[in-house]
Amino acid sequence: MNLLIERFRHRLVVSCQAYPGEPMRDPDTMRRVALAAARGGAAGIRAQGLDDIAAIRDAVDLPVIGLWKDGDDDVFITPTLDHAVAVARAGAHIVALDATARPRPDGRTLAETIAAVHERTGALVMADCSTFDEGVAAAEAGADLVGTTLAGYTAYTVKGDGPDLDLVARLAAAVDVPVVAEGRIHTPAQAAQALRAGAWSVVVGTAITHPTTITGWFASAVADAAAA
Ligand SMILES: CC(=O)N[C@H](C=O)[C@@H](O)[C@H](O)[C@H](O)COP(=O)(O)O
């Protein structure tokens, strides 16, 4: 197993992302969030956008999974080879990219994209998938890691309240590359369940690094209690 991937085996990876127009959307802020996550025990950081990736790679001594979100429907996580190469050149050790069955905007296949990322940059590739078949195909196409990131975020998958632990378990039993559990893991208990389901590591974003959403959870609970 690759030494870099070993560093987050059975460990937590924290996704540090702020969305367009949000108060925390700023590379220095995300750098500080990543440093705070590292202090709390994160073994890797997932980061979005070239400036955030560069700032975090310089400041935090942990493997960085980088992505570039472009657009917000269909294929938007590192949608083309050019995006992927830029993510690696910004400093990501691992490039996360859309590995769904949908056509890619640059017309390349997933296998071509992964091979070119390996060849041109030496970075590893995490395949963000939404279904079991996509995960199996991504492993066959040469992905170094398979993630459940997009389960519930494609038109043909259902978004549950919590993580898709069944998908984690099925993929972990079927592919011979590490399976990363990601998406809607909101509690430490769910993170532990994901690991027990066979995940190599567990990525948590919103529940650690998105205060607006977390505040909303608490505000709703208080409002519901007040109304009862
Ligand atoms: C679907 C999509 O665009 N997912 C993105 C992927 O990088 C992020 O917006 C998520 O925050 C990340 O996957 C972590 O998941 P959660 O925030 O649920 O812990």
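**Notes on a predicted barrel model**

1. Let's start with helix 6, where Glu 134, Gly 135, Ala 137, Ala 138 and Ala 139 are buried. Keep in mind as you look that this is a predicted model. What covers those buried residues of helix 6? Among the covering elements are helix 5 (110-121), strand 5 (124-128), strand 6 (145-147) and helix 7. Just past the end of helix 6, you'll find Gly 142 with a positive phi of about 105 degrees.

2. Helix 7 deserves a closer look as a partner. The axes of helix 6 (residues 132-140) and helix 7 (residues 165-174) come within 10 Å and cross at roughly 30 degrees. Angles under 35 degrees count as roughly parallel, so that is how helix 6 and helix 7 are described relative to each other. As for handedness, helix 6 passes helix 7 in a right-handed crossing.

3. Which residues make that contact? From helix 6 come Phe 132, Gly 135 and Val 136, and from helix 7 come Leu 167, Arg 170, Leu 171 and Ala 174. Sorted by character, the residues of this contact are five nonpolar, one polar and one charged. Gly 135 turns up twice in these notes: it is buried, and it belongs to the contact with helix 7.

4. Now the sheet. Eight strands close into a barrel, in the order 1-2-3-4-5-6-7-8, with parallel pairing. On average, and ignoring direction, neighbouring strands of this sheet are turned by 25 degrees against each other.

5. Where do strand 1 and strand 8 meet? Strand 1 (residues 12-16) and strand 8 (residues 201-204) run parallel and are joined by three bridges. If you want a spot to find by eye, Leu 12 stands opposite Val 202 in strand 8.

6. Two helices that pack on the sheet are worth tracing next. Helix 2 (residues 27-40) touches strand 1 and strand 2 (44-48), and its direction makes about 165 degrees with that of strand 1. Helix 3 (residues 50-59) also packs there, touching strand 1, strand 2 and strand 3 (64-67). The direction of helix 3 makes about 155 degrees with that of strand 2.

7. One last residue: Asp 51, which sits in helix 3. Is Asp 51 buried or partly exposed? A residue needs 20 or more C-beta neighbours within 10 Å to be buried, and 12 or fewer to be exposed; Asp 51 has 15 inside 10 Å, so it counts as partly exposed. Asp 51 and Pro 27 are 24 residues apart in sequence, with their C-alpha atoms 5.9 Å apart in space.

Definitions and conventions:
Residues numbered from 1 in each chain as written. Predicted model: local features only at pLDDT ≥ 70, side-chain atom pairs only at ≥ 80, totals over all residues. Axes fitted to C-alpha atoms, helices over the stretch in contact; angles between N-to-C directions. Helix = DSSP H or I, 4+ residues; strand = E, 2+ residues; numbered from the N terminus. Parallel < 35°, antiparallel > 145°, perpendicular 65-115°, else oblique. Left-handed = near helix turned anticlockwise from the far one by under 90°. Contact = placed C-beta atoms within 7 Å. Nonpolar A, V, L, I, M, F, W, Y, C, P; charged D, E, K, R; others polar. Pairing = 2+ DSSP bridges.
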